[in-house]
Amino acid sequence: MFNFSVINHQLSVGQIEILGISSASMLQVGDTDTVSLYSMFDTPPESVIVGPMAPLPMPEEAEDISSDG
Amino acid sequence: MTRMNEQSEHSYPVRTANIGSICMISVSQAGCVQIGDRAVTNAKQIGVALQRQEDHPGAGDVFFEMYPLFYRPLPYFDDPGDDNGQVVSLHRTNCAPNITVGHIQVIAAGAASSIQAGNGMCLTGESRIKNVRQYPRPKPYPPIGC
């Protein structure tokens with residue numbers, strides 16, 4: 001016998017900000033029993049880029065902090 | 001896996017989700033937004049993107065059944081404890097009757113996705129996408145002198 005004990009204490013969240021919820025994914029506020037999420041994606045090899053990522057620009061706030069330091 | 005769900009005596013049987021506000025810009029193809037409880041969810045999305053040199057009327061129809069990706073079985077979780085008859089006993093204690101979230105902001109939710117404020121029992125999401133590029137095989141050059 002395998003005993004699994006879960007204690008859910010008080011849960012209070014101020015704000016949730018999400019940019020995107022992709023395919024076959026979920027956002028739930030509540031309890032659940034079983035979740036199964038599958039994703040299969042097949043693409044030609046020439047469309048997959050393996051290499052260094054292009055650097056993204058720094059956020060504006062980070063630029064301010066880095067210039068101050 | 002065999003499961004036994006139990007709850008202790010000093011516990012709330014069901015927690016209620018309290019949400020102040022929700023702001024969503026886009027929920028696309030077969031996406032689901034629900035405020036409330038739900039028993040079973042089966043969300044499925046399949047898609048083929050075929051890039052051809054010929055046009056589609058000339059090159060023939062495309063069927064999902066042509067590609068094994070769309071009918072291969074889903075991966076199965078092989079639990080060794082299940083073969084041994086092992087039982088998992090789950091004890092859940094809810095100290096508070098509520099889950100509170102002030103504000104939820106979502107820009108976009110994709111296909112076969114689920115946004116839910118409430119309790120669920122069984123959720124299954126499945127996405128199968130295939131991209132194909134179809135070009136004719138290049139003709140070999142004739143040998144020199146022909």
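Okay, let's start with one term: I'll call a residue buried if 20 or more other C-beta atoms lie within 10 Å of its own. If the count is 12 or fewer, the residue is exposed, and anything in between is partly exposed. Keep in mind that what you see above is a predicted model.

With that in hand, chain A. How much of chain A counts as buried? Of its 69 residues, 9% do. As for what chain A is built from, there are four strands and one helix. Starting at the N terminus, you go through β-β-β-β and then the α.

Now to where the two chains meet. The contact takes in 45 residues of chain A and 52 residues of chain B. On the chain B side, quite a list of strands each put in at least two residues: strand 2 (16–27), strand 4 (38–52), strand 5 (87–94), strand 6 (98–109), strand 7 (114–117) and strand 8 (120–134). Which of them gives the largest share? That's strand 8 of chain B, with 13 residues. And if you sort the chain B side by character, you get 25 nonpolar residues, 21 polar ones and six charged ones.

So what do the strands do across that contact? A quick reminder here: strands of a sheet pair through backbone hydrogen bonds, and they can be parallel or antiparallel. Take strand 2 of chain A, residues 11–21, to begin with. Nine bridges tie it to strand 6 of chain B, and the two run parallel. If you want one pair to click on, go to Q15(A): its bridge partner in strand 6 of chain B is H103(B).

Then there's strand 4 of chain A, which is joined to strand 8 of chain B, also through nine bridges and also parallel. The pair to click on here is M40(A), whose bridge partner in that chain B strand is R128(B).

That second pairing belongs to an open sheet of three strands, in the order 4(A)-8(B)-4(B), with parallel pairing. Why is one side of strand 4 (34–42) of chain A left without a neighbour in the sheet? Because it stands at an edge with a single partner strand, and strand 4 of chain B is placed likewise. From one strand to the next, the twist averages 0 degrees.

Next, a couple of backbone oddities. Most residues other than glycine have a negative phi. Now look at A24(A): its phi is near 55 degrees, so a positive value, and it isn't a glycine. You'll find A24(A) in the loop between strand 2 and strand 3 (26–29) of chain A. Is A24(A) buried or exposed? It counts as buried, because it has 24 C-beta neighbours inside 10 Å.

Chain B has a case of its own. A112(B) isn't a glycine, yet it has a positive phi of about 55 degrees. This alanine sits in the loop between strand 6 and strand 7 of chain B. With 29 C-beta neighbours inside 10 Å, A112(B) counts as buried.

One last stop, Y12(B). Look for it in the loop between strand 1 (2–7) and strand 2 of chain B. Y12(B) has 14 C-beta neighbours inside 10 Å, so it counts as partly exposed. What does Y12(B) contact, leaving aside its neighbours within four places in sequence? That would be N94(B) and P97(B). And then there's C95(B), 83 residues apart from Y12(B) along the chain, with 6.7 Å separating the two C-alpha atoms.

That's my tour, thanks.

Note on methods:
Residues numbered from 1 in each chain as written. Chains lettered and ligands numbered in written order. Predicted model: local features only at pLDDT ≥ 70, side-chain atom pairs only at ≥ 80, totals over all residues. Contact = placed C-beta atoms within 7 Å. Nonpolar A, V, L, I, M, F, W, Y, C, P; charged D, E, K, R; others polar. Pairing = 2+ DSSP bridges. Axes fitted to C-alpha atoms, helices over the stretch in contact; angles between N-to-C directions.
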